[in-house]
Amino acid sequence: MSWMRGRYGTICVCASSALVVTGCCVERTASTCPAPVADSYRRPEPIPSTAPLAAPRQYAAPFAANAIALDGKLDEGAWASAPWSDDFVDIEGTARRPPTQHTRVKMLWDATNLYIGADLAETDLWATLTEHDDIVYRDNDFEVFVDPDGDTREYYEIEVNAIGTIFDLYLPVPYRAGAKANHDWNATGMRVAIQLDGTVNDSRDTDRGWQIEIAIPWTVFTPVSDSPPAPTYQCTARPPNTGDCWRINFSRVQWTLEKQGISYAKVAGKPEENWTWTPQWIIDMHVPQWWGVVTFAPPADQTKESFK
Ligand SMILES: [Ca+2]
Ligand SMILES: [Ca+2]
Ligand SMILES: [Ca+2]
């Protein structure tokens, strides 16, 4: 790993990966960073076709000092110590039209789980897909992307709609590098709770939104060993050590709807909107290089003293 001055200030570049992280880069030790497998397994690094116009957003997730009741509510107990993120922006950045409905997230962690809370304003709650591993982004959804070691490969995607249907998949490399996404991969042990503030699939009223609470066991973030190409480099501890940072982004897919009976239908020919926590600068979530940086912080009451 080396440190250098870049366009966004001090950045670090981890050897044997394309990781470029602003502000947060933890020296990885031999115990957390096993040797990479033979270089012959590695493919050419997929280079993004766009350049970011700003540094990725960052978030310090406090360690949850207390147990979390998974009920879709994000204001009680340990959640009170987790700050809200900045509001989501258009996937291509702030130069594009701002989202018409706000979205924000917060995160916590403990020895067992990564916790994600999402708050989505929504005037028209709508969801149709009901089977696990349906292509959930064909509905309005909330999406999580996690690349623990930030090497832009062996990463995880989880999508959920307003009625709790899950689409979870694993990618050995991004699509543009030849990936065949593994839909059979499941986030085993993940729990999701949703709190609706309104009525789903009922267009006769105006809804207010939905909140999602997700607990993802650290064991979920295990590369699929028989998914070619072989896992290359897992430079992270699971659970993470305090101060570690992972590359994560969140996306919200939003379709334009019209009333159909008492429910809704998509407006034909109208593409979806994509709103993200940190911009991708292109309409493509599968550019892990531009995902945000989540640092695993101590409990909030220790943060001021021990974590900077
Ligand atoms: Ca990875
Ligand atoms: Ca799956
Ligand atoms: Ca409604």
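Seven bridges join β8 to β13, and the two strands run antiparallel; strands here are DSSP runs of type E of at least two residues, helices are runs of type H or I of at least four residues, both are numbered from the N terminus, and two strands are taken to pair if DSSP finds at least two bridges between them. The model is a predicted one, in which local features need pLDDT of at least 70 and side-chain atom pairs count only at pLDDT 80 or more, whereas totals for chains, interfaces and linings use all residues. Residues are numbered from 1 along each chain as its sequence is written, and chains are lettered from A and ligands numbered from 1 in the order in which they are written.

Within the pairing of β8 with β13, E143 stands opposite S251 of β13. Strand β13 also runs antiparallel to β17 (residues 292-296), to which four bridges join it, and C245 stands opposite T295 of β17. A further antiparallel pairing, again over four bridges, links β13 with β16 (residues 273-276), where W275 is the bridge partner of R252. Nine of the 10 residues of β13 are buried, so this strand is largely enclosed by the rest of the structure; a residue counts as buried if 20 or more other C-beta atoms, placed from the backbone, lie within 10 Å of its own, as exposed if 12 or fewer do, and as partly exposed in between.

The protein chain has one helix and 17 strands, and 41% of its 308 residues count as buried. Of its contacts with a separation of 6 or more, 66% are between residues 24 or more positions apart, a contact being a pair of residues whose C-beta atoms, placed from the backbone, lie within 7 Å.

Four strands form an open antiparallel sheet in the order β6-β7-β12-β11. Because β6 (103-109) and β11 (191-197) stand at the edges with a single partner strand each, one side of each is left without a neighbour in the sheet. In the interior of this order, β7 (residues 113-121) and β12 (residues 209-217) pair in the antiparallel sense over nine bridges, and the bridge partner of N113 in β12 is P217.

The largest nonpolar core, defined as a set of buried Ala, Val, Leu, Ile, Met, Phe, Trp, Tyr and Cys residues joined through C-beta atoms within 7 Å, holds 64 residues, of which A61, M107 and W109 touch the most other members. When residues up to four places away in sequence are not counted, A61 touches A82, M107, L108, W109, V294, T295, F296 and A297.

Several loop residues were also examined. N66, in the loop between β4 (58-61) and β5 (89-90), is partly exposed, with 14 other C-beta atoms within 10 Å. N66 touches G77 and A78, not counting residues up to four places away in sequence, and lies 9.0 Å from D110, C-alpha to C-alpha, although the two are 44 residues apart in sequence.

Most residues other than glycine have a negative phi, and most peptide bonds are trans. In the loop between β8 (141-147) and β9 (155-160), T152 has a positive phi near 70 degrees and is buried, with 25 other C-beta atoms within 10 Å. E154, found in the loop between β8 and β9, has a positive phi of about 50 degrees and is buried, with 24 other C-beta atoms within 10 Å. The peptide bond from R238 to P239 is cis, with omega near -5 degrees, and P239 lies in the loop between β12 and β13 (245-254).
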